[in-house]
Structure formats: C-alpha cells, structure tokens
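The exercises below are meant for someone meeting this structure for the first time. Please keep the sequence and the model in view while working through each task and its solution.

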Amino acid sequence: MIYWFLKIFIAPIMWLILRPMVLGQENLNIKGKAIFAINHIAAFDPLLIAIISPRIVHFMAKKELFEKKLLALLMRAVLAFPVSRETADRQSLKKAMAVLEKGKVFGIFPEGKRSVTYELDKLNKGVSFLAIRTGAPIVPIYIHSSSYDGLRPKVAVGKPINVGELVADSKKSVLVDVVTDEISDAISALRIELEEKIEGNKRR
C-alpha cells in the first residue's frame, strides 16, 4: 500500500527536513476511533498531519480531485475519498462513519475550505454530526498561518473532546450546535497557546 510506504519511509525523512514544532503531540497518540478536526490554510495540510501523526489518517477530499484518473488513483492510494462541498453528501458521511466504526482515525477540515484570511471560518456541522452518531472523541488541531513561510511548520494539538459528556449535559435540539461551538473554541484556544509559545521562543 502506497500510504504505508510513505508513512514508513518518506514521513521520517520529511520530519527531519521540516522539523515541525508540535505542541501537545501526545494527544495524537489517542487509541481507538477518533476524529481529527483541523483548521485549513493550505493544500499541504493533509500531508503535514500525516507526517506528524503516529496513526493512519483517512481524509475526505473535494470530488474535483478525483475527476482525473491518475490523480484519483493517487488520492485513493493515500486513503482519501471524495466529498461534494456544494451539497449534503450522505455517501461520504457513510464512508466516514465506516472508518470510525472500525476504530480508525478520520481527519476533517470543518471549515469546508481553505481560509483566505488565516482566521478560523465558521465551522460546518458535519464533524459534530459524525462525533455524536459514532461517539468518537474529537482531537482539535491548529496549524499556524506561518507554517509554510519557512521550513518549520507549527502545529498545536488539543486534548480530545469527549462528546459523550456534552451529550449528557445538552438538550438534543441544540446538541450539534454545542459540539460545533466546542470544537471552534478549542481550535481558537490552541491558536492563542501556539502564538504565545512562538513569541516566547523569539524572546530567547
């Protein structure tokens, strides 16, 4: 499998080249099913997450990337599957649920598209729906806007969000909104934490 080849042989080399700074890296070692919810700033984001994650991550990718046969073959080889961004794509949601039900990691960019301003855009509710339906914990991840300016990406990984606790404390009618707000707040908090760390390093 191409993904395993890249993970075993290429990822360690890329790590040495990029020397990523990862806060909370221990949170990537989560066992069992999990959802990685990540802000989106560049096309390289999925590869960066694949490099720093000790686990295999299954991603959704926009369906346009699957329209050319060679590119589609490559996308599927690295365990990505297509999703329509214009409509509620139930088939893609089912595939994501199947990944989680097998105890694997599913990666998603809940903003739905790359941020042009590097500010965190409003999050889509699909990730919350998946977490509620599957009971999978959500690992919030923030990629700093300066990550691709040089050769050292900067990433912060938060503690897993236990959706079960939110379900117990919230009304069913507002549950999706509550989970979505929790994810947004967690990613925003990671941004502050990472920027404080970067500024602290500059002063040394």
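**Exercise 1. A patch on the surface**

Which residues form a nonpolar patch on the surface, and about how much accessible area do they have together?

Solution. Note before starting that this is a predicted model. The patch is made of Ile 2, Trp 4, Phe 5, Leu 6, Ile 8, Phe 9, Ile 10, Ile 13, Ile 17 and Leu 151, and together these residues have about 960 Å² of accessible area. As a next step, take one member and place it: Ile 10 is in helix H1, and with a relative accessibility of 32% Ile 10 counts as partly exposed.

**Exercise 2. Salt bridges and a network**

Find how many salt bridges the structure holds, and work out which residues are linked in a network of them.

Solution. There are three salt bridges in the structure, and they can be taken in turn.

Step one: Glu 119 pairs with Arg 191, and the closest N and O atoms of this salt bridge are 2.9 Å apart. Since Glu 119 lies in the loop between S5 and H5 while Arg 191 lies in helix H7 (residues 175-203), the pair ties together parts that are 72 residues apart in sequence. Both partners are partly exposed, Glu 119 with a relative accessible area of 41% and Arg 191 with one of 23%.

Step two: Asp 177 forms a salt bridge with Lys 125, where the closest N and O atoms are 2.7 Å apart. This pair links distant parts of the chain, as Asp 177 is in helix H7 and Lys 125 is in the loop between S5 and H5, 52 residues apart. Asp 177 counts as partly exposed at 33% relative accessibility, and Lys 125 is partly exposed with a relative accessible area of 44%.

Step three: the side chains of Arg 191 and Glu 195 meet in a salt bridge at 3.2 Å, N to O. Because these two residues are four residues apart in helix H7, about one helical turn separates Arg 191 and Glu 195. Glu 195, at 29% relative accessibility, counts as partly exposed.

Putting the steps together, Arg 191 appears with Glu 119 and again with Glu 195, and Glu 119, Arg 191 and Glu 195 are linked in a network of salt bridges.

**Exercise 3. A buried charge**

Asp 45 has no salt bridge; decide whether Asp 45 is buried or exposed, and find which side chain of opposite charge is nearest.

Solution. Begin with the location, which is helix H2 (residues 45-52). Asp 45 is buried, and the nearest side chain of opposite charge, that of Arg 114, is 7.0 Å away, whereas a salt bridge needs a side-chain nitrogen of Lys or Arg within 4 Å of a carboxyl oxygen of Asp or Glu. Then look at what the side chain of Asp 45 does reach, namely the backbone nitrogen of Ala 42, at 3.0 Å. Finally, leaving aside residues up to four places away in sequence, Asp 45 touches Asn 39, His 40, Phe 109, Ile 143 and Tyr 148.

**Exercise 4. Two helices compared**

How many residues apart in sequence are Val 178 and Ser 128, and what is the C-alpha to C-alpha distance?

Solution. Val 178 is found in helix H7, and Ser 128 has its place in helix H5. The two residues are 50 residues apart in sequence and 8.7 Å apart in space, C-alpha to C-alpha. Their surroundings can then be described one at a time. Ser 128 counts as buried at 0% relative accessibility, and a polar contact of 2.7 Å joins its side chain to that of Thr 180. Not counting residues up to four places away in sequence, Ser 128 touches Val 176, Val 179, Thr 180 and Ile 183. Val 178 is partly exposed, with a relative accessible area of 25%, and, with the same residues left out of the count, Val 178 touches Leu 166 and Ser 170.

**Exercise 5. Positive phi angles**

Where does Arg 19 lie, and what is its phi near?

Solution. Most residues other than glycine have a negative phi. Arg 19, in the loop between helix H1 (2-18) and strand S1 (21-23), has a phi near 45°, a positive value in a residue other than glycine. Tyr 118, in the loop between strand S5 (105-108) and helix H5 (126-134), likewise has a positive phi, of about 70°, although it is not a glycine.

Key: Residues are numbered from 1 along each chain as its sequence is written. This is a predicted model: local features need pLDDT of at least 70, side-chain atom pairs count only at pLDDT 80 or more; totals for chains, interfaces and linings use all residues. Side-chain values use heavy atoms; hydrogens and water are left out. Patches are made of residues with over 30% relative accessible area and no salt bridge: like charges are joined within 9 Å, nonpolar side chains (Val, Leu, Ile, Met, Phe, Trp, Tyr) within 5 Å. Accessible areas come from the Shrake-Rupley method with a 1.4 Å probe; for residues, only the protein chains shown count as cover. Buried means under 20% relative accessible area, exposed over 50%, partly exposed in between (1.4 Å probe, protein chains only). Lys and Arg count as positive and Asp and Glu as negative; His and the chain ends are not counted. A polar contact is a pair of N or O atoms within 3.5 Å; within protein, one must be able to donate a hydrogen and the other to accept it, and residues adjacent in sequence count only if both atoms are side-chain atoms. Contact means heavy atoms within 4.5 Å.
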